[in-house]
Amino acid sequence: MSASGARYVIVGAGHAGGRGAEALRAAAPEARITVIGAETYPPYERPPLSKELLDGTMPVEKTFVRPLDWYAEQKIELKLGVAATAIDRGAKTVTLADGSSISYDRLLLTTGGRARRLKMPGGEGPNIVYLRDIEDTKRLKERLVPGAHVAVIGAGFIGLEVAASARKYGCDVTVLEVAQHPMGRVVAPEIGDWFANLHRSHGADVRTGTTVTSLEPGGRGLRVTVSDGSVIDADLVVPGIGVEPGVELAQAAGLDVQDGIMVDEFTRTSDPDIFAAGDATRHFNPFLGRHLRLESYQNAQNQAIAAAKVMAGGEDPFEELPWAWTDQHGVNLQVVGAPLAWDQLVWRGSPESQSFVLFYLAEGVPVAANTINSGRDMRPIRQLIRRATPMDPAKLANTSLKLQDLARG
Amino acid sequence: MTEETWIAVAPKSAVPEGEMLGVSAGGHQIALYNLDGEIYATDNICSHAFALLTDGYFDGDTVECPLHAGRFEIKTGKGMGPPIPCDIASFPVRVVGDDIQVQVTPKT
Ligand SMILES: Cc1cc2nc3c(=O)[nH]c(=O)nc-3n(C[C@H](O)[C@H](O)[C@H](O)COP(=O)(O)OP(=O)(O)OC[C@H]3O[C@@H](n4cnc5c(N)ncnc54)[C@H](O)[C@@H]3O)c2cc1C
Ligand code: FES
């Protein structure tokens with residue numbers, strides 16, 4: 001197979017699918033490229049769904065990875081509004097929901113994921129909105145009217161972003177989090193608590209260490225009973241309790257799936273002609289030396305680009321430091337690194353201020369960092385973490401020393 | 001049609017080597033960069049979502065957006081790959097005495 005005349009098929013026209021198509025076209029100008037998407041929109045970026053698209057400050061088109069006509073100009077075939085239903089690995093074909101099938105030389109799976117459901121009675125219904133796509137945002141936005149009471153279940157990135165947007169609309173907001181601290185999967189308790197206070201100062205009722213014990217129709221819409229026995233009378237419930245990777249197609253085709261489509265650092269699945277990228281995957285990260293499943297923009301964009309290059313004959317692995325961000329009440333938090341453990345936190349700048357950095361050290365080595373309204377520091381911070389050498393905490397904390405100088409060592 | 005004009009935006013001393021400065025002129029938000037003593041000017045607003053590039057990271061002849069790590073060439077305004085959808089404007093610059101002047105078409 002020559003890369004130039006190859007037949008590439010991408011299943012999943014989301015963020016990774018769009019970036020993958022773009023990078024495939026750049027790497028293989030002559031190839032035939034088809035992107036199959038269950039949604040009716042061209043590939044788009046999801047971060048605005050809980051932020052600017054929800055609070056009305058960004059039009060839908062601005063979320064598109066590329067405008068619709070770009071795909072035709074680039075001779076990329078977009079099949080939208082139709083799901084792929086099966087992969088025949090022997091025949092190297094993909095079957096679509098409309099009964100048609102399409103053959104591939106190499107296949108890229110970018111099937112993303114879906115919002116994890118509350119597995120309890122009342123977990124589905126007209127007064128519950130799970131947020132994953134543009135239609136969900138439209139439905140949610142309609143319900144965010146002044147005085148409506150919104151109960152957000154889960155104080156992760158998406159839950160807290162919805163809480164912030166809902167307060168902008170003048171809704172009453174209650175956030176219910178089972179753990180003791182918000183965003184506990186990704187940041188230190190100190191940062192979680194900082195954000196809890198931010199939301200409280202904007203009028204939200206943030207309750208941590210609180211489990212939802214029942215959801216019943218009644219009152220204004222849903223009665224939410226929590227572990228201390230109190231009842232929240234909500235118009236609307238928005239769960240933000242994580243993502244389930246979209247692995248069904250891969251699993252049915254017999255690919256190795258373990259809470260995510262298993263891929264190596266070259267984005268290869270257990271079938272040499274099938275690649276995967278984005279939320280659907282659990283990938284091997286050479287820098288961290290382990291497999292991990294990420295739900296992030298960076299992973300969708302750059303893993304897909306890496307996959308496209310390898311599919312077209314390249315040899316470079318995907319080996320970035322995990323990085324994600326969130327915007328809440330005008331505060332930008334960025335998180336880099338994915339440490340399993342740390343033994344020291346070093347503040348650079350005061351947490352009393354609106355702009356500072358927190359380093360996570362393990363045996364003196366910076367393994368992760370958070371920036372609060374200081375995204376400009378991310379680049380030298382990445383370099384510092386990549387160096388993986390012990391750092392003097394006093395130097396890291398000293399704002400009169402430039403991070404770029406510290407990163408150079 | 002409004003004409004292109006030279007507008008003084010800052011004293012040269014306000015933009016030391018390796019630094020940037022956000023200014024406005026003729027209705028444009030403009031980023032000034034001092035690269036090895038030479039001043040360059042581009043739009044200050046990232047073409048991706050919304051951020052000021054002068055809040056970002058100036059490195060070599062590129063500037064990195066503080067939000068999603070998109071990058072631009074400071075000499076030309078050229079976007080350097082995802083997630084940047086398009087280039088940003090770059091403006092002619094001259095230094096008259098100690099004044100940095102940029103040439104812009106004022107927005108009406
Ligand atoms: C509300 C929200 C806010 C977010 N905010 C941030 C943020 O601030 N920062 C950050 O780093 N990350 C954020 N993320 C995460 C980021 O958006 C995701 O990690 C990213 O979208 C993953 O891209 P993907 O292409 O893997 O999956 P998706 O974007 O989910 O795309 C998968 C696509 O595949 C389609 N599909 C699935 N199965 C099939 C099939 N069988 N046939 C055809 N099509 C199929 C789906 O319909 C979907 O369109 C956010 C996510 C959400 C939902
Ligand atoms: S706003 Fe600049 S890269 Fe996204």
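This report walks through a predicted model, from its central sheet to a few single residues.

## Ground rules

Residues are numbered from 1 along each chain as its sequence is written, while chains are lettered from A and ligands numbered from 1 in the order in which they are written. Because this is a predicted model, local features need pLDDT of at least 70, side-chain atom pairs count only at pLDDT 80 or more, and totals for chains, interfaces and linings use all residues; side-chain values use heavy atoms, leaving out hydrogens and water.

## The parallel sheet of chain A

Let's start with the sheet. In chain A, five strands line up in the order S3-S2-S1-S7-S18 to make an open sheet with parallel pairing. Strands here are DSSP E runs of at least two residues, helices are H or I runs of at least four, and both are numbered from the N terminus. Two strands pair if DSSP finds at least two bridges between them. Strand S3 (76–80) and strand S18 (274–276) of chain A are the edge strands, each with a single partner, so one side of each has no neighbour in the sheet. From one strand to the next, the twist averages 20°.

S3(A) pairs with strand S2 (residues 32–37) of chain A in the parallel sense, over five bridges. Along this pairing, Gly37(A) stands opposite Leu80(A) of S3(A).

## Two helices on the sheet

Helix H1 (residues 15–27) of chain A packs on the sheet, where it touches strand S1 (7–11), S2, S3 and strand S7 (106–109) of chain A. Contact means heavy atoms within 4.5 Å. The direction of H1(A) makes about 165° with that of S1(A). Axes are lines fitted to C-alpha atoms, for helices over the stretch in contact, and angles run from 0 to 180 degrees between N-to-C directions. Helix H7 (residues 297–311) of chain A lies across S1, S7 and S18 of chain A, running at about 175° to S7(A).

How do H1(A) and H7(A) pack, and at what angle? Their axes are 8 Å apart and meet at an angle of about 35°. H1(A) passes H7(A) in a right-handed crossing, meaning that the near helix is turned clockwise from the far one by less than a right angle (anticlockwise would be left-handed). On the H1(A) side, the contact is made by His15(A), Ala16(A), Arg19(A), Gly20(A), Ala23(A) and Leu24(A). H7(A) brings Tyr297(A), Ala300(A), Gln301(A), Ala304(A), Ile305(A), Ala308(A) and Met311(A). By class, that is nine nonpolar, three polar and one charged residues. Ala, Val, Leu, Ile, Met, Phe, Trp, Tyr, Cys and Pro count as nonpolar, Asp, Glu, Lys and Arg as charged, and the others, Gly among them, as polar.

## A hairpin in chain A

Strand S4 (residues 84–88) and strand S5 (residues 93–96) of chain A pair in the antiparallel sense over four bridges. Ile87(A) has Val94(A) of S5(A) as its bridge partner. The two strands form a hairpin with four residues between them, and Lys92(A) in the turn has a positive phi of about 55°.

## Residues with positive phi

Thr267(A) is not a glycine, yet its phi is positive, near 65°. Thr267(A) sits in the loop between strand S17 (261–263) and S18 of chain A. With 1% relative accessibility, Thr267(A) counts as buried (buried is under 20% relative accessible area, exposed over 50%, and partly exposed in between, with a 1.4 Å probe and protein chains only).

Asn373(A), also a residue other than glycine, has a positive phi near 50°. Its loop runs between strand S25 (365–372) and helix H8 (378–387) of chain A, and at 31% Asn373(A) counts as partly exposed. Thr371(A), in strand S25 of chain A, is buried at 0%. Leaving aside residues up to four places away in sequence, Thr371(A) touches several residues, including Asn332(A), Phe356(A) and Ile381(A).

## A cis bond in chain B

The peptide bond from Pro82(B) to Pro83(B) is cis, with omega near 5°. Both Pro82(B) and Pro83(B) are found in the loop between strand S7 (71–73) and strand S8 (90–91) of chain B.

Is Pro82(B) buried or partly exposed? Pro82(B) is partly exposed, at 32%. Beyond residues up to four places away in sequence, Pro82(B) touches Arg19(A), Glu22(A), Gln301(A) and Ile305(A).

## Cysteines

How many disulfides are there over all chains? The count is zero, a disulfide being a pair of cysteine sulfur atoms within 2.5 Å. Cys171(A) is buried at 0%, and Cys46(B) is buried at 6%.
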